[in-house]
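Me: Got a minute to walk through this one with me? I'd like to start with the domains, then go to the sheets.

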Amino acid sequence: MKYLLFAVVFIPFISYSQNTVKGKITDGSSPIEFASVNLEGTKYYATTNQKGNFEITQIPDGEYKLTVSMLGYETVSKRIKLSGGETYYYTSKLIESSYTLGEMVVSGTMKPISKLQSPIPVEVYKLAHFEKNPTPSLFEAVQNVNGIRPQLNCAICNTGDIHINGMEGPYTMVLIDGMPIVSGLSTVYGLSGIPNSMVERIEVVKGPASSLYGSEAVGGLINVITKSPENVALFDANIMTTSWLEHNLDIASKYKLGKKVSAMIGVNYYNYLNPIDNNGDGFTDATLQHKISVFNKWNVKRKENRAFNIAARYLYEDRWGGQMNWTPEYRGGDSIYGESIYTNRYELFGNYQLPSKEKFMLSFSANSHEQNSYYGTTPYFALQQIAFGQLTWQKELGNHDLLTGISNRFTFYDDNTPATQVSNAEGTTNKPDAANLMGAFVQDEIDLTEKLTSLLGVRYDYHEKHGNIFSPRISFKYAPNFKNTFRLSSGTGFRVVNIFTEDHAALTGARDVVIKGEIKPETSYNINLNYQKIIKIKSTMLTLDATAFYTYFTNKIIADYETNPNQIIYDNLNGYAISNGFTFNSDFTFSIPLSINAGITLMDVYSVENNLKIQQLLTEQISGTWAISYEFSKMGLNVDYTGNYYGKMKLPLVSDLDPRAQYSKPFSIQNIKLSKKLGSKWEIYGGVKNLLNMVPPANSIANANDPFDKNVQTDAEGNVMATPQNPYALTFDPSYVYTSFQGIRAFAGIKFSFNK
Amino acid sequence: MKFITVILLLVSVYAKAQINWISFEELPQLMRNEPKKVFIFLETDWCKYCKMMKLTTFEDTAVINQLNKDYYCLRFNAESKKEVTFLGKIYAYNTSGEYAGKHQLAVFLGKANNQLQFPTSVFLDTQFQLHLRLSIYLSPKDFLEII
C-alpha cells in the first residue's frame, strides 16, 4: 500500500525529467575502459565499457558536476545543466598522471631482516637493523650479523677484515649495488665511507654465491644496496659523537642534472684525534684517524627504462696508532713507535644496458688504492689498480632463466717489498705485477616445478700464471609452501694468494716473513644446507633459520706463527683444511612494536698437516648475536638492546715463556640505544656502547715497553733469550688481539632529514 | 580407525578455505561480468611483515570469507621481472632511474608521499576508485574493520 502511494506521488515527477548523459572517454588514441563517470553528490554514475562508452539515464533536471576519474589519469570535471529530458553528449580525453594513486598512506615499522626467494640463501638486513647500534661505518656495523665478525688484525693500527663463518677477509666479496668492488687490497674499504642514510639494505650470502661473482668469494659476499635518488631525502644529516670524542658526520643530498639525470651525493667524515691509554701499556687503545669519503651516484633516464647507472667514490684516510707520545715527525723512525697509514682510494663503477631488444648489460668498475704506510721502521708503499668489465646476457625461455657473460679483470700491483722485485746477477729490480684474469660463465635458473627451483652455473677463468680454472655451482630450493624452505648449494672456489695485500701481520711487529717455496693457488669445495621455517604462535610469527656449512680446502696458505715465534711462515699446506659449522637464527615478529632476533654460530675451523689437527688462530668456536627493540609509538621513543658473544679463540704467542694466555676468555659486547623522534624532521639518540666494559688484557701487546726490540738479545741460532730486562723472552708483537681495547663509552647523536 | 580419523582431520585442516587470488589479466573480464571491490597486496620477497600478513591475516577464516565474498584479490611481488598488463597499460620492471629494481606496477599502485613501502594493501571500490591504501602490517582484526 505504502509503495503504491509512493509510486503515485513520484511517477509523474520522474517521467517529466528523464535526462541522459552519454559519451566516450579515451586517452586520445584508444578508448579507456573502467573509467568512472560520476555526477558528484548524487547516486548517478556509470563505468565506461570496452569501447570507452558510457551512459547515465533517468537524471532529474538540475545542475551537476560531472567528474571522470580513472586510475593513472588526471581527474577531469565539468559543470553541466540538464533539463527537459535532454541527452547530453560528453567526450573527454584523459591525460596520464604521474605514477601515483594519490597520497593516502599510513606507514608502519618495516621489519629489518629477511631472506630472498632465490635458490641461494640471501639474508637481507635493512638499514634499521644496523642503526640499533650506530657505528661510523658499515665495517663495524656487520658485527650485528650472526656468523659475521669484523676482525681487528692489529692492536695498534686497527686494520681489519671481515670473517664470514670463520673464513677470513679475502674470501669475502663486497659489492655496491651488485657491482663488484673488485679489490685485493683492503676489501674492507668497500664497507666504509658510504653514509648510512644512502643505504637501503645489505644482502649477505654466506658460502659460495652466484657464478657471476667469480670463484674467490667462497666465504660469501656482502652486497650494499644504496637507495635510488628518488628515495632519499632532499637533505639528510646525521652527527654522532662518543665520550671518547669520536666524531662522525654523515650528509646526503640529491640533485638533478637536466631532465634525464638524477643523482645523489653523500659525504662521510670521521674524526678521532684524542689518544687514550686506559690500560696503561703506553700505547693508544684505539687508532687515531680522520677519514673523509665522498660518494656520488648518477641515474640516467633512458628509453624503455633501460639501465644506466654510474657511481664514484673517493676516500682519504689518515690513521695512526702507537706510543702515546708519537707525532708524525717520528714516522718511520726508531725512537717512538707508531704505525701510520695514509690511504687514497678512487672508485668508479656502473652498469649500462645495451640499446637492444635482448637484455645485454655491461658492468664496469675501476679502482685505484694507494697506501703509504710505516709500521714502526718498516715502510710499506703499495699501489693497486684494478679495471674490471663484464658483459652479461639474460634470457627467459619458458621455465629457464639464463644468464651468461664474459668478464675481464686487469690488476696492477706494485709495492716496495720483495713480492714485486726480481733478483738476478745484475742486482734487484722492481717488477710490478700486472695480470689479466679472463672469465666466462653461464648460469641457468630453472623452475622445475612451482615448488622446486634449481640454479646451475659454471664459470671458466683463464689466469695468466695458473691456466684454466673451472668452478661449477649448483643450488636447489624446495619450498612446499611459504612456511618451509629448503636450500642446498654447493660449489668450488679458487684463489691466488697475495700475502702482503691480505695479511697485515706480514708487515707489522718484529716477526720475519718467510715464504717457503712457490705459493700455489687455493682450491676449495663447499656445501651449504639451509632450512627456513615460519611458525605462527597466536599472533606472533617465529622465523627459524638453520644452516650447516662445510668447506674443504685442498690447499690453503695459512700464516704459521707457531713454528718459530720470530717468524711468520707462509707455505703451501701439506694436507687439507676444513671450515665447517652450524648457524641458527631465530626471529620473533609480534603484532606489537617489539622485535627480537637472536642467532648462534658453532664452527670448527682447522687444518690437518701430517695427521696433526691445527686450530685456526683468532677464530671462535661459538658466537652469538642478538637484538631486542621496542617502540613506544605514542612517545616516538625507540629502545634497542644489542649484543654479541664470542667464545674463546686461540691466540699467537711469541715465546715459550710468554706470560699471556694461549686462549682468549669468552667475551660479550652489549649496547643500548634510545632514540626519540622530534617532529617529522629531527631525531635525537644516545646510549652506551660496551655496557659490560669488556676489554682484552692490558699485556696484549707483547714487549710493549720495548717496541723496537732494542733490549732483545738472541743466541747463536737467533732465538730470543730470557734476560733480566726481558724475562719472558718476548719480542714486540701486536697481533695478539681479538677485540678492541675500547671499554664502556657513551654516545649521542642528532639526525635531521628534510624533504621539501 | 584412529589412523583414519587423524588422516581425515589432517585433510580437513589442509582443505581449509584460502583466499582466491586472481591474476591481473583475469581481472577485467571478471569486473565486466560482476563488478566487485578489489584488494591488491604489494609485497617483496624480503619483507617480513608481508610474510606475517600471509601467515596471520590471510589465513584468518573470517578475513578469507569476507574477501572471497566481496573482493577480487590480487597480490603482486614488487620486484617481479615479468611484464604485466593492467587496465590496458603495460607495466615492466624498472631497471633504471626512479625506483630502479622495482616493478612499475608496484610503483604505480603503491607509491605515496614519494615512498614505496611494503607491505602495501590497496583497496579499490567497484569502480576502480582508490578507497584506501595502507603501508603497514594489518592484523586480522584491523583488516576486518577495513573490509
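Me: What does the domain assignment give for chain A?
Reply: Domain 1 covers 2-93 and domain 2 covers 119-754. Keep in mind that this is a predicted model.

Me: How many Å separate the centres of domain 1 and domain 2 of chain A?
Reply: The separation is 65 Å, with the centres taken over C-alpha atoms.

Me: OK, sheets. What's the order in the open sheet with β1 of chain A?
Reply: The order is β4-β1-β7, so to speak left to right as listed, with mixed pairing.

Me: Which are the edge strands?
Reply: β4 (53-59) and β7 (87-93) of chain A. Each pairs on one side only.

Me: And the twist, what does it average?
Reply: In this sheet, 15° from one strand to the next.

Me: Parallel or antiparallel for β1(A) and β4(A)?
Reply: Antiparallel. Strand β1 of chain A spans residues 19-26, and 5 bridges join it to β4(A).

Me: Which residue in β4(A) stands opposite A:K22?
Reply: A:E55. Another pair on that seam is A:K24 with its bridge partner A:N53.

Me: Now the other side. In what sense do β1(A) and β7(A) pair?
Reply: Parallel, over 7 bridges. As an example, A:V21 stands opposite A:Y88 in β7(A).

Me: What holds paired strands together in general?
Reply: Backbone hydrogen bonds, in either a parallel or an antiparallel arrangement.

Me: Switching sheets. What's the order in the one with β35 of chain A?
Reply: β31-β35-β34. This is an open sheet of 3 strands, and the pairing is mixed.

Me: Why is one side of β31 and of β34 of chain A left without a neighbour in the sheet?
Reply: Because each has a single partner strand. β31 (512-515) and β34 (558-560) stand at the edges.

Me: Twist there? What does it average?
Reply: 25° from one strand to the next.

Me: How many bridges join β34(A) to β35 of chain A?
Reply: There are 3, and the two strands run antiparallel. β35 covers residues 567-571. On that seam, A:D560 has A:I569 as its bridge partner.

Me: Last topic. Where is A:P724?
Reply: In the loop between β42 (682-689) and β43 (745-754) of chain A.

Me: Does A:P724 count as buried or exposed, and why?
Reply: Exposed, because A:P724 has 6 C-beta neighbours inside 10 Å. The cut-off for exposed is 12 or fewer.

Me: How many Å apart in space are A:P724 and A:N711?
Reply: 10.0 Å, C-alpha to C-alpha. In sequence, A:P724 and A:N711 are 13 residues apart.

Note on methods:
Residues numbered from 1 in each chain as written. Chains lettered and ligands numbered in written order. Predicted model: local features only at pLDDT ≥ 70, side-chain atom pairs only at ≥ 80, totals over all residues. Helix = DSSP H or I, 4+ residues; strand = E, 2+ residues; numbered from the N terminus. Buried ≥ 20, exposed ≤ 12 C-beta atoms within 10 Å, placed from the backbone. Pairing = 2+ DSSP bridges. Axes fitted to C-alpha atoms, helices over the stretch in contact; angles between N-to-C directions. Domains from an automatic or database assignment.
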